[in-house]
Amino acid sequence: PPPQRIVVQGDDASVKGSYVFNRVFEESFGQESIFNATAKPYVQDFLTGTNITIFAYGQTGTGKTYTIAGPEEDPGIVSRSLHDIFQGMPADKEL
């Protein structure tokens, strides 16, 4: 999707800030949806030799750890990435 602009308005309708994001997820998006939209496309690149970095940045308490690690019953980006990496590696490849 194209970049999304978020405009923050004051009580008097004045613009307090304007921010552009590559992607904004609503609260209804689950761990799997976020993984599929953000990290999954890079797993294949990693398997073909591209260096990949997953980086979470933001204010304290906004869900970075939950999104990256997730609980055991609903794993986050790292667990899902590792699963796909090991599934995508040839069985005869040495680690």
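In this predicted model, Asp84 touches Phe35, Lys40, Val43 and Leu47, leaving out residues up to four places away in sequence. Asp84 has its place in helix H4. One of those partners, Leu47, sits 37 residues away from Asp84 in sequence, yet their C-alpha atoms are 9.7 Å apart in space. With a relative accessible area of 18%, Asp84 comes in under the 20% limit, so Asp84 counts as buried.

Helix H4 also turns up around one of the pockets. H4, which runs over 77–88, and helix H2, at 40–47, are the elements that give two or more residues to the lining of the second largest pocket. Of the two, H4 hands over the largest share, 4 residues. The whole lining is made up of Ala39, Tyr42, Val43, Phe46, Ile52, Thr53, Ile54, Val78, Ser81, Leu82 and Ile85. Val43, then, plays two parts: a wall residue of this pocket and a contact of Asp84. Sorted by type, the lining has 9 nonpolar residues, 2 polar ones and no charged ones. As for the space inside, the second largest pocket has a volume of about 150 Å³.

The largest pocket has a volume of about 1,100 Å³. Its lining takes in 27 residues, and those nearest the centre of the pocket are Arg23, Phe25, Ile34, Tyr57 and Thr67. By type, the lining of the largest pocket splits into 13 nonpolar, 10 polar and 4 charged residues. Helix H1 (31–38) and helix H3 (64–68) each put at least two residues into this lining. The largest share, 4 residues, comes from H3.

Two of the residues nearest the centre of the largest pocket, Phe25 and Tyr57, come up again among the aromatic rings. The model has 2 aromatic pairs. In one of them, Phe25 and Phe29 meet edge-to-face, with ring centres 5.4 Å apart and 70° between the planes. Phe25 is partly exposed, because its relative accessibility is 25%, and that value falls between the 20% and 50% limits. Phe29, at 32%, is partly exposed too. The other pair joins Phe55 and Tyr57, whose ring centres lie 6.4 Å apart. The planes of Phe55 and Tyr57 are at 10°, so this pair is stacked. Both Phe55 and Tyr57 are exposed.

Back in helix H1, Gln31 is another residue to look at. Is Gln31 buried or exposed? Its relative accessibility is 5%, so Gln31 counts as buried. Leaving out neighbours within four places in sequence, Gln31 is in contact with Tyr66, Thr67, Gly70, Pro71, Asp74, Pro75, Gly76 and Arg80. With Tyr66 there is a polar approach as well: a polar atom of the Gln31 side chain lies 2.9 Å from the backbone oxygen of Tyr66. Thr67, also on the contact list of Gln31, is one of the residues nearest the centre of the largest pocket.

Methods: Residues numbered from 1 in each chain as written. Predicted model: local features only at pLDDT ≥ 70, side-chain atom pairs only at ≥ 80, totals over all residues. Heavy atoms only, no water. 1 Å grid on protein atoms, 1.4 Å probe; cavity = no way out; pocket = protein on both sides within 12 Å on 5 of 7 lines; lining within 4 Å. Points joined across faces, edges and corners; volume = space filled by probe spheres on them. Nonpolar A, V, L, I, M, F, W, Y, C, P; charged D, E, K, R; others polar. Phe/Tyr/Trp six-rings, centres within 6.5 Å; stacked < 30°, edge-to-face > 60°. Buried < 20%, exposed > 50% of the residue type's maximum accessible area, 1.4 Å probe, protein only. Polar contact = N/O pair within 3.5 Å; in protein donor to acceptor, adjacent residues only side chain to side chain. Contact = heavy atoms within 4.5 Å.
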